[in-house]
Amino acid sequence: MSNDKSKDSGAYWDLGSSQSYGQYLHLKELLAAQKPISFEHDEMMFIAVHHVSELWMKLMLHELEFVKEQIIKGDLDPIFKTLRRISKVQDQLFGVWSVLATMTPSDYSSFRNLLGRSSGFQSVQYRLLEFVLGNKNADTIHVHQHDPHDYERLTRALQAPGLYDEVLRLLSRRGYGVPVQVRDRDFTQPYAPSKAVAAAWLGVYHNAEKEWDLYELAEGLVDLDHRFQLWRFQHLKTVERIIGRKPGTGGTSGVPYLAKALDLRFFPELWQVRTAL
């Protein structure tokens, strides 16, 4: 009598014409993408961590586009679950830095020079995240001119209204005083805080019971902004831990460059309103 009880489990041992798990997920292609260029042990971890980050960023962009579409429609109910999912994705991105931080300076130095000028600064998806969240900077897309598809994708994102722009248009449609110069501004430029917008949000918070969906949206945006700042901070501290104050491989000043972003708020009036309440 066979001791292999797995045959009685009901599992399909013959897939027939069905695709397999690996085929559905294209695992051969995905797992073949980690190609170290040195013989150093830590380079595999370095590559895998960045691949994982790009996958989480892809999901985050996917979810943010859904949130933006629903805000344009004025249908907020479906987005609250999505904003919670985005916060969980951000948690996973935090975890990526903790894995990378296990690499010592000497570990990284053993293969860093082989990276040439490649740098996370050149991540198309990270730049798209910044653009959809409102941190517009036309200069940052020039490095992608060698790839027409990426350059065109970034140009469209640069010129399009960001998430917060659509939120403020929604506020205006709901009767709050958002000036036309804010609603119809040049979207290629970074968002500039507005006293009128701060007053509008103050109105939402004072009428939270009546405007519960707008209030809930505001808090979801604050959480998104807060977690993005924590992600940036963890990035800075991980870089400082591994390379100190050396310049980045992409030509930036490294830690000082990353530190400049820590004062940036995507949704500034939502932070200002906390002092006014």
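Which side chain of opposite charge is nearest to the buried Glu-269, and how far away is it? That was my opening query today, and I put it to a predicted model.

**Entry 1: Glu-269**

I found Glu-269 in helix α13, which covers residues 268–276. The nearest side chain of opposite charge is Arg-185, at 9.3 Å. Glu-269 is buried and yet has no salt bridge; a salt bridge would need a side-chain nitrogen of Lys or Arg within 4 Å of a carboxyl oxygen. I then looked for polar partners and noted a polar contact of 2.6 Å between the side chains of Glu-269 and Tyr-191. I also listed the contacts of Glu-269 beyond four places in sequence: Tyr-164, Tyr-191, Ala-192, Pro-193, Ser-194, Val-197, Ala-198 and Trp-201.

**Entry 2: what Arg-185 does instead**

Having met Arg-185 as the distant charge, I checked its own pairing. The side chain of Arg-185 meets that of Asp-165 in a salt bridge, 2.9 Å from N to O. Asp-165 sits in helix α8 (residues 163–173), while Arg-185 sits in the loop between α9 (180–183) and α10, so the pair ties together parts that are 20 residues apart in sequence. Are the two partners buried or exposed? Asp-165 is buried, at a relative accessible area of 5%. Arg-185 is buried as well, at 15%, because the cut-off for buried is under 20%.

**Entry 3: Glu-166, next on my list**

Glu-166 is also a residue of helix α8. Its side chain forms a salt bridge with that of Arg-169, 3.6 Å from N to O. The two are 3 residues apart in α8, so about one helical turn separates them. Glu-166 counts as buried at 7% relative accessibility, whereas Arg-169 is partly exposed at 23%. Which residues does Glu-166 touch, leaving aside neighbours within four places in sequence? I wrote down Lys-68, Ile-71, Ile-72 and Pro-161.

**Entry 4: Glu-211**

I moved on to another glutamate, Glu-211, in the loop between α10 (195–206) and α11 (212–243). Glu-211 is buried, with 9% relative accessible area. Its side chain makes a polar contact of 3.1 Å with the side chain of Tyr-176. Not counting residues up to four places away, Glu-211 touches Arg-174, Tyr-176 and Val-204. I looked up the spacing to Arg-174 too: 37 residues in sequence, and 9.6 Å in space from C-alpha to C-alpha.

**Entry 5: other salt bridges**

How many salt bridges does the structure hold? I have 13 in my notes. One that I followed up joins the side chains of Arg-85 and Glu-63, at 3.0 Å from N to O. This pair links distant parts of the chain, with Arg-85 in helix α4 (residues 79–100) and Glu-63 in helix α3 (residues 42–73), 22 residues apart. Glu-63 is buried at 5% relative accessible area, while Arg-85 is partly exposed at 39%. I also noted a salt-bridge network that links Asp-91, Asp-223 and Arg-227.

**Entry 6: α6 against α11**

Next I turned to a helix pair. Helix α6 (residues 124–132) packs with α11 at an angle of about 145°, and the axes are 13 Å apart. I recorded the crossing of α6 and α11 as left-handed. Which residues make this contact? From α6 they are Tyr-126, Leu-129 and Glu-130, and from α11 they are Phe-228, Trp-231 and Arg-232.

**Entry 7: stepping back to the chain**

I left the overall picture for last. The chain has 13 helices and 0 strands, and its elements read as α throughout, from the N terminus on. Of its 277 residues, 41% are buried. I looked at sequence separation as well: among contacts between residues at least 6 apart, 72% join residues at least 24 apart. The C-alpha atoms fill a box of roughly 75 × 55 × 35 Å along the principal axes.

**Entry 8: a recap for my own use**

Back to the starting point: Glu-269 stays on my page as buried and without a salt bridge, with the side chain of Tyr-191 as a polar partner. Arg-185 is down as the salt-bridge partner of Asp-165.

How values were computed
Residues are numbered from 1 along each chain as its sequence is written. This is a predicted model: local features need pLDDT of at least 70, side-chain atom pairs count only at pLDDT 80 or more; totals for chains, interfaces and linings use all residues. Side-chain values use heavy atoms; hydrogens and water are left out. Helices (H or I, at least four residues) and strands (E, at least two) are DSSP runs, numbered from the N terminus. Buried means under 20% relative accessible area, exposed over 50%, partly exposed in between (1.4 Å probe, protein chains only). Contact means heavy atoms within 4.5 Å. A polar contact is a pair of N or O atoms within 3.5 Å; within protein, one must be able to donate a hydrogen and the other to accept it, and residues adjacent in sequence count only if both atoms are side-chain atoms. Lys and Arg count as positive and Asp and Glu as negative; His and the chain ends are not counted. Axes are lines fitted to C-alpha atoms, for helices over the stretch in contact, and angles run from 0 to 180 degrees between N-to-C directions. A crossing is left-handed if the near helix is turned anticlockwise from the far one by less than a right angle, and right-handed if clockwise.
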